[in-house]
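Please find below my reading of this model, set out as numbered points. The remarks move from the chain as a whole to its interior and then to one loop residue.

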Amino acid sequence: MNTRNLAILHRRPDVSPEEFQRYWLETHSGFVVKVPSVYRFGTNLVLESTVEGLQPDAMGELWWRTPEDAEIGFKIPEGQRALQSGHNIIDQPRNTGMVLERLDEFQREGAPDPSPTVRSFAILHRRPDVSAEEFERYWREEHAAHALELGGLLKFATNRVRSCRIEGLDPDYVGEVWWESLEACNNRTTAPGYEALMASGERIIDKSRGAMITVQELETFYPPEEA
C-alpha cells in the first residue's frame, strides 16, 4: 500500500513566484528527502483549482513507506528541519492537503510512463446508493477502461482518501489523469470518448460535489541511495 501526503501550499506574500520555485527545488527538496521513510517527493505548480475558496500556488507529494511513517515523519528531528525550511517560502497557516492511498495505475499497453506534464486530481464522492466495495470494483475494473479511451489522456490512477484537511470537503476518492498537454486538459469535454466516460462515471460518482485541481509537474526527488 502506498501512502502519500498531498501538501497543498500557498507561498508567503513576500516571496516571489520565481524565488518560491527556486528555493523549493534547489534547497527545500533536499531537506524533505532526508526525512526517514520518505522515498519520493514530487513538486508541482497549481494551474487551476475548482475547489471553492482554494486557490493555492503549489502541491507537494510525499510518498511514505507505511501509513505509520506518515504519522510520525514530521515529528522527528529530520522532519522538523524540513518544516523549518518550508517556513522560508510557505505561508504555513494556509496549508491544507489530503492523505491518499494509491490503488491502481492504468496506461495503454506499451505506453511509456509520461515525462513531467499536466496532471489533474479529480476529487470525488461516491453516490449514496453505491457501496464502497462496488465503487472500487467498478472504478478499477470498468471505469478505468473508459478513461483510457479519452483523447489526450496518457495515464490514469485511482486513490482512496484516508484523510482530508480541505475546508468544506470530505471526499471518498481522488482520480488522477496525466494529459498530453494543458490544451488536451482544457479541451477534454470535446475529446473522443468524453461522453462515454461521463456516462460511466454517473453510475458511481456523485456529480453534484466534484472538484478538480490541475497542476504542472516540475521535478521528482528521491533519497540519495534511491536516486
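1. The chain contains six helices and eight strands, where helices (H or I, at least four residues) and strands (E, at least two) are DSSP runs numbered from the N terminus. Read along the sequence, these elements follow the order β-α-β-β-α-α-β-β-α-β-β-α-α-β.

2. On provenance, this is a predicted model, in which local features need pLDDT of at least 70 and side-chain atom pairs count only at pLDDT 80 or more, whereas totals for chains, interfaces and linings use all residues. Residues are numbered from 1 along each chain as its sequence is written, and side-chain values use heavy atoms, with hydrogens and water left out.

3. As to overall dimensions, the C-alpha atoms fill a box of roughly 50 × 40 × 35 Å along the principal axes. The radius of gyration of 18 Å agrees with the value near 17 Å for a compact globule of 227 residues, the radius being taken over C-alpha atoms and the globule rule being 2.2 Å times the number of residues to the power 0.38.

4. Of the 227 residues, 48% count as buried, that is, under 20% relative accessible area, with exposed meaning over 50% and partly exposed in between (1.4 Å probe, protein chains only). Among contacts (heavy atoms within 4.5 Å) between residues at least 6 apart in sequence, 82% join residues at least 24 apart.

5. The largest nonpolar core, meaning a set of buried Ala, Val, Leu, Ile, Met, Phe, Trp, Tyr and Cys residues joined through side-chain atoms within 4.5 Å, has 23 residues, of which Phe135, Trp139, Leu150, Leu153, Phe156, Trp179 and Ile204 touch the most other members. Two or more residues each come from β4 (96–106), β5 (118–124), α4 (132–147), β6 (153–164), β7 (173–179) and α5 (182–186), and α4 gives the most, with five residues.

6. Which residues does leucine 150 touch, leaving aside those up to four places away in sequence? They are Arg108, Trp179, Arg188, Ala191, Pro192, Gly193, Tyr194 and Leu197. A second, separate core of 20 residues includes Val15, Ala70, Ala82 and Ile90.

7. Asparagine 187 lies in the loop between α5 and α6 (194–201), and at 37% relative accessibility this asparagine 187 counts as partly exposed. The C-alpha atoms of asparagine 187 and glutamate 133 are separated by 32 Å, the two residues being 54 apart along the chain.
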